[in-house]
Amino acid sequence: MSPLLEVRDLTAQFARDGVPATVVKGISFDIAPGESVGFVGESGCGKSVTARAIMRLAPEGSSVAWGGRIGFRGQDLLTLSEREMRDIRGRRIAMVFQDPMASLNPVMSVGAQIDDILRRHTGLSRKAARQRTIELLGLVGIRDPAIRADDFPHQFSGGMRQRVLIAIAVSCQPDLLIADEPTTALDVTVQAQILRLLNRLRRELGMALMLITHDFGVIAGMVERVNVMHGGEIVEAGPIDQLFAAPTHPYTRALLAAVPRLDGARPGG
Ligand SMILES: Nc1ncnc2c1ncn2[C@@H]1O[C@H](COP(=O)(O)OP(=O)(O)OP(=O)(O)O)[C@@H](O)[C@H]1O
Ligand SMILES: [Mg+2]
């Protein structure tokens, strides 16, 4: 199957005090339609900058120069105009960020926020959008969705807010969902629920999933392939079972050694 996403020699460069710093150093990877791919690596290795490059979003308040090629459905995203890119964001490629509170509008009910996005992207009527919003909230496991739609973000728990963000991200049925550490702010049981939800939605909606984490334990059993990042490069890549069974790069071994083994068995093994 030809890839959905085909990243080649991607670079990202910030200007720090006028001095250019290359933080993503020429990485290449593919994601096939419907595939789940993990990105693992320690803090600062370039995972979020890579994810944001695919959305063509510079971190807030800074400018970044991208190089290389991001092939997506036969186009190079790095060459599209901002207007063309707006059609891709949300509709074709959607992203769930780490901090759900920062991504939601605190003074608008969650239902109204989802209605707005649906209407902007699909031109649904107000009534049809609300119907779809309620379906989406149900899909991500919010109970009594018709009632909860009128609640504001602060009336939801952290895990429920993350579910709302996932509902927003999948609302337009994107081809690719990027989840950047979607569960780090949550406790362990809620983490597992959210990851299971992402995987279920991936299968039900036929999306590809790019799942970013610093913790190998989190993605065991969740993704088919992994790219291990270190210092702005991909240092090892392969099927997750293979990496668990026989990591070749010392850095991958170090990451794996940090995975807690409650039952003495290898995670996912
Ligand atoms: N706005 C910015 N301006 C300058 N440098 C930045 C900016 N954002 C990120 N960087 C640098 O880019 C590198 C990669 O950062 P990135 O946020 O991608 O790391 P990460 O792998 O997502 O880490 P974490 O696991 O902590 O989220 C880091 O060295 C970081 O300092
Ligand atoms: Mg990050």
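A residue is called buried if 20 or more other C-beta atoms lie within 10 Å of its own, exposed if 12 or fewer do, and partly exposed in between, with the C-beta atoms placed from the backbone. By this rule helix α7 is mostly covered, since 11 of its 13 residues are buried, where helices (H or I, at least four residues) and strands (E, at least two) are DSSP runs numbered from the N terminus.

The model is predicted, so local features need pLDDT of at least 70 and side-chain atom pairs count only at pLDDT 80 or more, while totals for chains, interfaces and linings use all residues. Residues are numbered from 1 along each chain as its sequence is written, and chains are lettered from A and ligands numbered from 1 in the order in which they are written.

The buried residues of α7, among them M160, L165 and V170, pack against several elements, including β6 (93-96), α4 (110-122) and α8 (188-205). Two lengths can be set beside their expected values.

| Item | Expected | Model |
|---|---|---|
| α7 (residues 158-170), end-to-end span | 18 Å | 19 Å |
| Chain, radius of gyration | near 18 Å | 19 Å |

The expected span is 1.5 Å times one less than the number of residues in the helix, whereas the globule rule is 2.2 Å times the number of residues to the power 0.38, with the radius of gyration taken over C-alpha atoms.

In the chain as a whole, which has 11 helices and 10 strands, buried residues make up 37% of the 269 residues.

Notes
Contact = placed C-beta atoms within 7 Å.
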